[in-house]
Amino acid sequence: MESKVVVSNFINGEFVSTDNYIDSFDPSTGEVWAKIPDSGEKEVNEAVNAAKAAFPKWANTPVLERSKLMLKIADLIEARQSEFAELESRDQGKPVWLSKSVDIPRLMHNFRSFATAVLHHVNRSSVMEPVNAVNYTVNDPVGVAGLVSPWNLPLYLLSFKVAPAIACGNTVVAKPSEMTSVTAWKLCEIFKEAGVPPGVINIVFGVGPRAGEALVKHPDVPLVSFTGGTVTAKRIREVCAPHCKKFSLELGGKNPAVIFDDADFEKCLSTTIRSSFVNQGEICLCTSRIYVQRAMYPKFVEKFVSETKKLTVGNPKNEKTFMGALISKEHLAKVKGYVDIAEKEGATIACGKEELNLEDSIKNGYYMRPTVITDVKDDSRLMKEEIFGPVTCIVPFDTEEEVIRRANDVEYGLAATLWTQDASRLHRVSRCLQVGTVWANCWLVRDLNMPFGGMKNSGMGSEGNFDSMEFFTNQKTICVKL
Ligand code: NAD
């Protein structure tokens with residue numbers, strides 16, 4: 001029998017064990033493969049105290065030195081990228097090739113990008129002519145940043161918080177998802193090897209309501225960056241609001257693809273299959289409602305379904321696997337529950353119900369086929385709620401005005417894809433879609449120089465807008481009368 005991985009907290013530059021542990025499951029086999037610290041207030045207090053003590057020195061460390069250290073972190077990850085990809089796949093269930101080609105490159109890019117961006121930051125200034133005064137802004141680090149991240153892109157999203165926070169001179173206490181803690185714990189080895197000063201990066205593991213909440217409500221944590229579900233965010237807002245903390249919330253989505261008759265058929269077909277099902281459909285930016293204009297609709301549905309049926313589901317270690325396992329037994333049941341709702345409502349399950357043929361070693365893993373649903377009504381829960389799995393609905397539309405109204409008729413506003421070759425329609429419709437990002441004739445092309453965030457219940461704040469360093473610093477205006 002394989003011995004279990006035992007994860008420890010990373011506090012003040014040291015690996016520290018705890019009294020209690022919880023199980024972490026390998027989604028591909030359904031077996032417990034690791035023990036995770038069940039941290040609470042005690043551990044969070046220790047981490048926050050370490051981060052608080054390290055803050056004055058780190059905040060005054062020359063920016064070039066901070067930048068060099070972050071570049072070293074990226075280089076050390078690069079030397080171990082295969083190991084990280086395999087570990088992340090085991091933690092989360094995604095195919096190893098996906099982690100290797102997307103998550104780990106992005107992990108390195110996050111450190112490199114923010115390490116260099118911070119060197120080029122220029123403050124704003126304005127000269128007031130009639131009164132002869134000059135105004136300029138300065139940016140100061142905020143203090144101890146509390147960073148809470150989800151399981152679906154474990155290292156990609158954790159580093160999207162840690163990197164900009166430390167680049168700006170903050171110290172951090174991070175609480176990764178209890179479901180994918182092993183990858184974050186391994187990353188601490190890199191922080192230690194790179195020579196990150198003790199207390200600058202601390203990682204505490206445990207469940208949300210205990211470890212997570214102790215962190216976000218801690219009086220010595222003035223900044224909270226949260227990525228996760230909309231329901232959890234409501235609680236975090238309640239906890240942070242009385243303390244006037246700075247907080248940013250990156251939340252769920254119900255992302256539409258809007259496909260006009262004149263779209264490049266092959267491109268929009270293959271990209272929309274990818275945007276619906278890659279990472280088992282467990283990306284906040286995945287497509288889950290596909291609106292296709294009437295003339296293209298029959299051909300699109302036929303090809304979409306036949307191509308989806310060809311996608312391979314199975315062992316994440318296999319290079320040919322397109323979709324691995326979903327994160328947990330409970331999540332699999334929740335996602336399948338939406339397919340049951342569709343059936344009860346009389347919608348058509350165009351594909352996805354076929355038996356899976358899994359090898360013996362993974363038969364207890366959390367797998368399902370990519371599922372395509374048609375004949376769904378706009379007011380169905382399938383068209384309104386975030387499913388966060390490999391289930392997508394395809395519906396027809398007639399006019400531009402109609403599809404904008406229907407695409408916007410949800411509580412979420414994270415992202416949309418738009419497919420048309422008509423340039424003026426592309427700009428016109430993009431402006432009308434109530435989402436933080438519109439990808440026109442593409443999907444998931446992310447430029448770290450641009451803001452990222454959601455509208456409505458998809459979140460608030462834009463921590464990705466690093467250009468102005470707004471979120472991870474306190475910005476002050478100084479006005480001097482000449
Ligand atoms: P979740 O809200 O259940 O958990 C997210 C994190 O919050 C975890 O680390 C969890 O332990 C912690 N947490 C839970 N309760 C807490 C509390 N009371 N106080 C503090 N922390 C608490 O979300 P999840 O299931 O891990 O992730 C999936 C969700 O994340 C989906 O809704 C998805 O759309 C969203 N997401 C959004 C983005 C984005 O950038 N907008 C990116 C990825 C995922």
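**Close-up views of the ligand site**

**View A. Polar contacts of the ligand with Ser149, Glu178 and Thr232**. In this predicted model, an oxygen atom of the ligand lies 2.8 Å from a backbone N or O atom of Ser149. Two side chains also approach ligand oxygen atoms: a polar side-chain atom of Glu178 is 2.7 Å from an oxygen atom of the ligand, and an N or O atom in the side chain of Thr232 is 2.6 Å from an oxygen atom of the ligand. The ligand taken alone exposes 840 Å², of which the protein buries 89%.

**View B. The ligand in the largest pocket**. The ligand takes up the space of the largest pocket. Two or more residues of the surrounding shell are given by each of helix H7 (208-216), strand S11 (223-227) and helix H8 (230-240). The largest share comes from H7, which contributes four residues to the shell.

**View C. Residues of the shell around the ligand**. The ligand is surrounded by 29 residues, and those that come nearest are Lys175, Glu178, Thr232, Leu251 and Glu386. Sorted by class, the shell comprises 13 nonpolar, ten polar and six charged residues.

**View D. Position of the ligand between domain 1 and domain 2**. Domain 1 spans 5-251 + 458-481, and domain 2 spans 255-449. The ligand lies between the two domains because both give residues to the shell around the ligand.

Definitions and conventions: Residues are numbered from 1 along each chain as its sequence is written. This is a predicted model: local features need pLDDT of at least 70, side-chain atom pairs count only at pLDDT 80 or more; totals for chains, interfaces and linings use all residues. Side-chain values use heavy atoms; hydrogens and water are left out. A residue is near a molecule or strand if one of its heavy atoms lies within 4 Å of it. A polar contact is a pair of N or O atoms within 3.5 Å; within protein, one must be able to donate a hydrogen and the other to accept it, and residues adjacent in sequence count only if both atoms are side-chain atoms. Accessible areas come from the Shrake-Rupley method with a 1.4 Å probe; for residues, only the protein chains shown count as cover. On a 1 Å grid over the protein atoms alone, a cavity is a set of points where a 1.4 Å probe fits but cannot get out, and a pocket is an open set with protein on both sides within 12 Å along at least five of seven lines; lining residues have an atom within 4 Å of a point. A molecule sits in a cavity or pocket if more than half of its atoms lie within 2 Å of its grid points. Ala, Val, Leu, Ile, Met, Phe, Trp, Tyr, Cys and Pro count as nonpolar, Asp, Glu, Lys and Arg as charged, and the others, Gly among them, as polar. Domain bounds come from an automatic or database domain assignment.
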